[in-house]
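Okay, thanks for squeezing me in. I'd like to walk you through one model, so let me put it up on the screen.

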Amino acid sequence: MVNKVYNNRAWLLVLPMLVLVAFSAIIPLMTVVNYSVQDVFDANTRFFTGVEWFERTLNDAGLQAALLRQFAFSFTVLAIQVPLGIGIALLMPKRGWQASAVLILITLPLLIPWNVVGSIWQIFTRGDIGLMGAGLRGLGYGYNITGNPVDAWATIILMDVWHWTPLIALLCYSGLRSIPEAYYQAARIDRASKWAVFRYIQLPKLTNVLVIGVLLRFMHSFMIYAEPFVLTGGGPGSSTTFLSQSLTTMAIGQQDLGPSAAFSLIYFLIILLVCWVFYTAIMNMQKDKAERGGV
């Protein structure tokens, strides 16, 4: 029997990253956990509160309403961006200078900083000089994102779709480009329709990139802050106030460190839970399809 000797020096290569993660994630997380179970008066005066702040957060009607708005927003943009991104990827040129030009153009919205996106759309929707706002008012529609919650919601969703659909399209495009040509040749021999090619060849090959796209988009949309804050400020009223804005107001505006720490932990756990549900559901669907295909 041969004794295997393992060289563990490779761990030294990841040690800098472990240190970076510890200082940028683990230590701040432990600080938040510490604050979530204490009532902090000043640097030297604090009292243990147990789960009091968690109970207060979970029973807060305003935060419950913000949570419902957050889920509604995230699921709405996902329902629009995923099919739209797949459709754009299917229509994009596969080779030549046209493919390069389209890739550059479609990537441009992703390069714009989040707060600048909000400023662009704030100007774009103004009723006096904005192309969209003035155009809709010129057509007779009383468009007003500061006074009409429906207009504010529709604008924020449209803004997010414009900004982030290219990410889904690029991921799907990379997945489509990885499909061997032999699959399409076999489909042409069998005279398969375009729908059959999409359903049995392209869509299964897009599963992995769609998992990445859905998880990335859900996490970002669930934590969205800069764009709606710049565009509407959370209004009119609180109709576009999402969880991130509520957390910022509580932590910075009101200086409620204990409740805001508990709120942030609940926020973090909700994101982890929903992402796990998404990932598990998609992987189970893929597994079921593979098993049916193998019968």
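Let's start at Ile 86. Leaving out anything within four places in sequence, Ile 86 is in contact with Cys 172, Phe 198, Leu 206 and Leu 210. Keep in mind that this is a predicted model.

So where does that little cluster belong? Ile 86 is among the residues with the most contacts inside the largest nonpolar core, which has 40 residues. Cys 172 and Leu 206 are on that list too, along with Phe 218, Phe 222 and Phe 278. Plenty of helices feed in: α3, α4, α7, α8, α9, α10, α12 and α13 each supply at least two residues of this core. The largest share comes from α13, with eight residues.

There's also a second core, separate from that one, with 16 residues. Val 77, Trp 153, Ile 224 and Leu 231 are included in it.

Hang on to Leu 231, as we meet it again from the side of Gln 122. Gln 122 sits in helix α5, which runs over residues 114-124. Is Gln 122 buried or exposed? Neither, quite: its relative accessible area is 35%, so it counts as partly exposed. Beyond its neighbours within four places in sequence, Gln 122 is in contact with Val 230 and Leu 231. With Val 230 there's a polar pair: a polar atom of the Gln 122 side chain lies 3.2 Å from the backbone oxygen of Val 230. And Glu 227, 105 residues away from Gln 122 in sequence, is 9.5 Å from it in space, C-alpha to C-alpha.

Over to α12 now. Buried residues in this helix are Leu 243, Ser 244, Gln 245, Ser 246, Leu 247 and Met 250. Just after α12, Gln 255 takes a positive phi of about 60°.

For anyone itching to dock something, here's the largest pocket. It holds about 500 Å³ of space. Its lining has 16 residues, and nearest the centre are Lys 94, Tyr 184, Arg 188, Val 197 and Gln 202. Helices α7, α8 and α9 each give at least two residues to that lining, and those three helices also each supply at least two residues of the 40-residue core.

Last, the annotation. An unreviewed UniProt entry lists residues 67-278 as "domain: ABC transmembrane type-1". Over that stretch the chain is 75% helix and 0% strand, and the C-alpha atoms at its two ends are 18 Å apart.

That's me done. Happy to rotate the view if anyone wants another look.

Note on methods: Residues numbered from 1 in each chain as written. Predicted model: local features only at pLDDT ≥ 70, side-chain atom pairs only at ≥ 80, totals over all residues. Heavy atoms only, no water. UniProt positions renumbered as here; feature names shortened; annotations may be inferred. Helix = DSSP H or I, 4+ residues; strand = E, 2+ residues; numbered from the N terminus. Buried < 20%, exposed > 50% of the residue type's maximum accessible area, 1.4 Å probe, protein only. Contact = heavy atoms within 4.5 Å. Polar contact = N/O pair within 3.5 Å; in protein donor to acceptor, adjacent residues only side chain to side chain. Core = buried A, V, L, I, M, F, W, Y, C linked by side-chain atoms within 4.5 Å. 1 Å grid on protein atoms, 1.4 Å probe; cavity = no way out; pocket = protein on both sides within 12 Å on 5 of 7 lines; lining within 4 Å. Points joined across faces, edges and corners; volume = space filled by probe spheres on them.
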